[in-house]
Each structure stands twice: as structure tokens, then as C-alpha cells.
Amino acid sequence: MTRVISDIEKVLDGYAAYIGLERGLSQNTVIGYRFDIEKFINYLKDSGTALRDVTLPILQQFVADMHDVGISPRSQARIVSGLKSFFKYLVMASYTEENPSIMLETPNIGLHLPEVLTLEEIDRLENEIDTSTTEGVRNYAIIETLYGCGLRVSELVNLEISRVFLKDKYLMVNGKGSKERIVPMSDMVIDLISDYLKVRGEVIKPGEENVLYLSRRGTRLTRQMIFTIIKRLAAQAGIKKTISPHTLRHSFATHLLEGGANLRAIQQMLGHETIATTEIYLHIDSTRLKEEILLHHPRN
């Protein structure tokens with residue numbers, strides 16, 4: 001027996017709890033999926049269609065409309081993924097008996113090769129930092145922690161002092177889906193974090209005492225702050241590539257592979273759930289190899 005959908009907000013709250021707790025998705029992913037489903041609900045309201053009457057053609061038309069208004073294939077793929085999980089939840093929670101999204105196809109987003117910095121470009125980035133200031137010492141440590149440990153920016157801003165083991169040369173992070181992993185640290189990262197801890201300061205907002213990287217006001221840094229720091233340094237260093245904090249993580253993985261590291265080891269270091277995610281670096285490596293061969297090919 002199906003339940004009556006009388007309060008759509010209650011349904012959405014239940015869906016958010018389902019994907020957040022049972023599927024272990026990050027808070028940002030949960031917020032994004034819920035926002036996408038709310039757009040779909042509004043789409044149904046505009047067309048006068050009840051949620052229980054949704055069919056595969058309606059879902060296909062919704063996806064087609066997104067394409068027509070210029071939403072990228074990658075964003076379309078995310079929305080389709082959200083729709084599939086939403087209707088799976090509706091069936092599981094007995095709001096409906098049929099799942100019209102089972103045959104809904106995900107748009108082909110193609111292979112996206114992330115931008116990668118060379119080691120020389122990373123050195124140029126770090127050379128722009130004024131380490132005579134506390135903020136500069138912090139920023140140097142931030143850049144090298146992102147690169148030298150291959151951290152996601154969310155992992156960096158939430159990194160806690162009690163989970164950084166300098167003597168044992170490793171740190172622990174909570175990755176996607178709240179999955180913990182151990183990340184080894186290079187001597188350079190250890191030295192830079194040690195230098196930062198000496199000048200970290202005593203102005204700390206209550207509740208943030210254990211957070212490693214803090215702003216001048218003693219609050220934890222935001223993802224946007226890290227993005228701004230890196231963009232500013234890249235501009236000062238004359239680096240024209242489109243980069244973000246994630247570029248340092250991509251660069252780290254690529255350099256590991258180029259240096260002969262095992263793909264499984266890279267997967268564990270980065271905290272990828274499947275080896276398929278890590279395999280994108282094989283494509284980067286082979287693409288560079290192809291460019292190098294063609295550049296020096298005797299027939300070119």
C-alpha cells in the first residue's frame with residue numbers, strides 16, 4: 001500500500017536523510033541533489049503533473065529541456081543521478097510502487113582530463129608566498145599540504161591538529177562519505193606544518209581550537225578562501241592555466257604515476273572509492289606520452 005504525499009518538504013527531508021546517512025554522501029552532494037529535485041518538483045507543478053503520475057517520457061522531456069537551456073552534460077548527469085536516487089527512495093519509502101527512472105539514460109559527458117601543474121609551476125606558485133608573515137607561513141603550509149598529501153579542499157579546511165602526527169609522518173582525514181584514511185606526509189610537509197604551528201597565534205574562536213588552519217580572526221578557513229589564495233598566487237606567478245585547489249591534488253596524483261607509483265597505492269592515498277576514478281590519471285599520462293612522441297617523431 002502506497003503512502004499519500006501530503007507534504008513534499010517532509011518527503012524531501014526523508015530523501016536527504018536517506019542519501020546522507022544510508023548512502024554516505026557528503027553534505028555538499030546532499031544539498032546539490034535536493035536542490036535539483038526541488039527544481040524537478042517545480043517543473044511538475046508548472047506542467048500540472050502530480051509526482052505519482054511521473055513517467056519515463058516526462059523525465060526524458062525534463063532532461064531534454066535542461067539541454068535546450070544550455071545546462072552542461074556534466075550537470076545533466078548529476079541531475080539524472082539525483083532523479084534516479086529520488087525515485088528509488090520513493091519506492092523504498094512506499095510513496096510509489098513504480099520507478100519511472102530505471103530506464104532513464106545518463107548524458108554522455110565524455111572524458112574530462114583535469115588541468116595539471118608541473119613541479120616547476122608548483123615551485124613558482126610557492127615562491128610567490130611572503131613567508132616573513134604569519135599568513136605567508138600558513139599559506140606555504142596549505143599549498144604543500146594540498147599538493148604533498150593530495151587532499152581535497154574540504155579535507156584540508158577540516159583538518160584537525162590532533163589528527164596530524166608529525167613524529168610518525170602521517171595524518172588522518174575524513175574523506176567522502178565520512179570514510180577515514182591515513183595519509184603519509186613528506187618531510188617538507190612536516191617541516192612547513194611545524195613552522196606554522198609555531199606562529200599559529202592565540203586568537204582562536206571557541207570551538208575551533210583543534211582546527212589546524214585558521215584565518216587571522218581565529219576562524220576555520222572556507223573553501224572559497226583557499227580558492228582565492230591559490231588564484232592570487234597563480235596570477236602573481238604568471239601561470240595561465242585555469243586552476244583551483246583540486247588542481248594540486250590532480251598534479252600530485254599525476255606526478256606519483258609519472259614517478260612509477262602503483263595505481264592501487266594512488267587510489268588509497270587519494271581516497272577514491274573505486275579504481276575507475278583513479279584510472280583517469282592513466283589517460284593523462286598516455287595523453288602526455290602521445291604529445292611527446294608526436295613532438296619528436298621523425299616524420300613530423
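This report walks through helix packing, aromatic rings, strands and two unusual backbone angles in a predicted model.

## Ground rules

The model is predicted, so local features need pLDDT of at least 70 and side-chain atom pairs count only at pLDDT 80 or more, while totals for chains, interfaces and linings use all residues. Residues are numbered from 1 along each chain as its sequence is written, and side-chain values use heavy atoms, with hydrogens and water left out.

Helices (H or I, at least four residues) and strands (E, at least two) are DSSP runs, numbered from the N terminus.

## Two crossing helices

Helix α1 spans residues 8-22, and helix α4 spans residues 73-92. Their axes come within 10 Å and cross at roughly 105°. Axes here are lines fitted to C-alpha atoms, for helices over the stretch in contact, and angles run from 0 to 180 degrees between N-to-C directions. The crossing makes α1 roughly perpendicular to α4. Angles under 35 degrees count as roughly parallel, over 145 as roughly antiparallel, 65 to 115 as roughly perpendicular and the rest as oblique.

Which residues make the contact? From α1 come V11, L12, G14, Y15, Y18 and I19. From α4 come G82, S85, F86, K88, Y89, L90 and M92. Contact means heavy atoms within 4.5 Å. By class, nine of these residues are nonpolar, three are polar and one is charged. Ala, Val, Leu, Ile, Met, Phe, Trp, Tyr, Cys and Pro count as nonpolar; Asp, Glu, Lys and Arg count as charged; the others, Gly among them, count as polar.

## Aromatic rings

The structure holds twelve aromatic pairs. Rings of Phe, Tyr and Trp (its six-membered ring) pair if their centres lie within 6.5 Å; planes under 30 degrees apart count as stacked, over 60 as edge-to-face and the rest as tilted. The rings of F40 and F87 have centres 6.1 Å apart and planes at 75°, so they are edge-to-face. This pair links distant parts of the chain: F40 sits in helix α2 (residues 27-47) and F87 in helix α4, 47 residues apart.

F40 is buried at 0% relative accessibility, and F87 is buried at 2%. Buried means under 20% relative accessible area, exposed over 50%, partly exposed in between (1.4 Å probe, protein chains only). F87 also pairs edge-to-face with F86, with centres 5.6 Å apart and planes at 70°. F86 is buried too, at 0%. Ring pairs join Y15, Y18, F40, Y43, F62, F86, F87, Y89 and Y95 into a cluster.

## Three strands

Strand β2 (170-174) follows β1 (164-165). The two run antiparallel, joined by two bridges. Two strands pair if DSSP finds at least two bridges between them. β1 and β2 form a hairpin with four residues between them. Five bridges join β2 to strand β3 (residues 180-184), also antiparallel.

L171 of β2 has partners on both strands: V164 stands opposite L171, and V183 is the bridge partner of L171 in β3. In a regular strand the side chains alternate between the two faces of the sheet. Along β2, L171 and V173 point to one face and are buried. Y170, M172 and N174 point to the other and are not buried.

## Two positive phi angles

Most residues other than glycine have a negative phi. S94 has a positive phi, near 65°. S94 lies in the loop between α4 and α5 (119-127) and is partly exposed at 30% relative accessibility.

K169 has a phi near 65°. K169 lies in the β1–β2 turn and is partly exposed at 41%.
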